[in-house]
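Reader: I am new to reading protein structures. Can you take me through one, feature by feature?
Author: Gladly. Here is the one to look at.

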Amino acid sequence: MFLQIDFNSDEAIYIQLRNQIIIGIATESIREGDPLPSVRQMADNIGINMHTVNKAYTVLKQEGFVKLDRRKGAVVSLDVDKIQVLDEMRRDLSVVLARGICKNVSCEEMHQLVDEIFQSFIKDQREE
């Protein structure tokens, strides 16, 4: 599993880790049933505190992307609740789209960007 963490970013490291794992699941480089590295392993691999990894795994569990098992550790397990996901996406996208409007990004440009990103995930799945 290849993760890109930007230690100079204003975004919290646990959020970056969470986001990278979600992208890995979306692109199917991480599949349902795959175990994630142990908290200690992940912390050592990235060079971060174990509490940071633990926080990322806890958030992923709360969001329905992993299950935590004392014996197996964190395992990708997609708890699909489409209505809840759509509500969360609406909330998150509202802020992103508002930022775009403030910076004079047109509706067409926003649609094109969303289509490009969505297609990149689909393309990654087809190439495997």
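Reader: Where should we begin: is Leu97 buried, partly exposed or exposed?
Author: Leu97 is partly exposed, because its relative accessible area is 34%. Buried means under 20% relative accessible area, exposed means over 50%, and partly exposed is in between, with a 1.4 Å probe and protein chains only. Before we go on, note that this is a predicted model: local features need pLDDT of at least 70, side-chain atom pairs count only at pLDDT 80 or more, and totals for chains, interfaces and linings use all residues. Residues are numbered from 1 along each chain as its sequence is written, and side-chain values use heavy atoms, leaving out hydrogens and water.

Reader: In which helix is Leu97 found?
Author: Leu97 belongs to helix H4. Helices are DSSP runs of H or I with at least four residues, and strands are runs of E with at least two, numbered from the N terminus.

Reader: Which residues form the nonpolar patch on the surface?
Author: First, the idea. Patches take residues with over 30% relative accessible area and no salt bridge; like charges are joined within 9 Å, and nonpolar side chains (Val, Leu, Ile, Met, Phe, Trp, Tyr) within 5 Å. A salt bridge puts a side-chain nitrogen of Lys or Arg within 4 Å of a carboxyl oxygen of Asp or Glu. Here the patch is made of Val85, Leu86, Met89, Leu93, Val96 and Leu97. Together they have about 470 Å² of accessible area. Such areas come from the Shrake-Rupley method with a 1.4 Å probe; for residues, only the protein chains shown count as cover.

Reader: How many disulfides does a search of the whole structure find?
Author: A disulfide is a pair of cysteine sulfur atoms within 2.5 Å. The search finds zero.

Reader: Why is there no bond for Cys102?
Author: The closest cysteine sulfur is in Cys107, 15 Å away, so it is too far for a bond. Cys107 is likewise in no disulfide. Cys102 is exposed, because its relative accessibility is 65%. Cys107, at 47%, counts as partly exposed.

Reader: Which residue in the loop between H4 and H5 has a positive phi?
Author: Asn104 has a phi of about 65°, although it is not a glycine. Its loop runs between helix H4 (82-102) and helix H5 (107-127). Asn104 is exposed, at 69% relative accessible area. Glu28 also has a positive phi of about 65° and is not a glycine. Glu28 sits in the loop between H1 and helix H2 (39-46).

Reader: What does Asp34 touch?
Author: Contact means heavy atoms within 4.5 Å. Not counting residues up to four places away in sequence, Asp34 touches Ala74, Val75 and Val76. Asp34 and Ala74 are 40 residues apart along the chain, yet their C-alpha atoms are separated by 8.7 Å. Asp34 is placed in the loop between H1 and H2.

Reader: What does the side chain of Asp34 reach?
Author: The backbone nitrogen of Arg31, at 2.8 Å. A polar contact is a pair of N or O atoms within 3.5 Å; within protein, one must be able to donate a hydrogen and the other to accept it, and residues adjacent in sequence count only if both atoms are side-chain atoms.

Reader: Is Gln16 buried or exposed?
Author: Gln16 is buried, because its relative accessibility is 6%. Gln16 lies in helix H1 (residues 13-26). Its side chain reaches the backbone oxygen of Glu11 at 3.0 Å.
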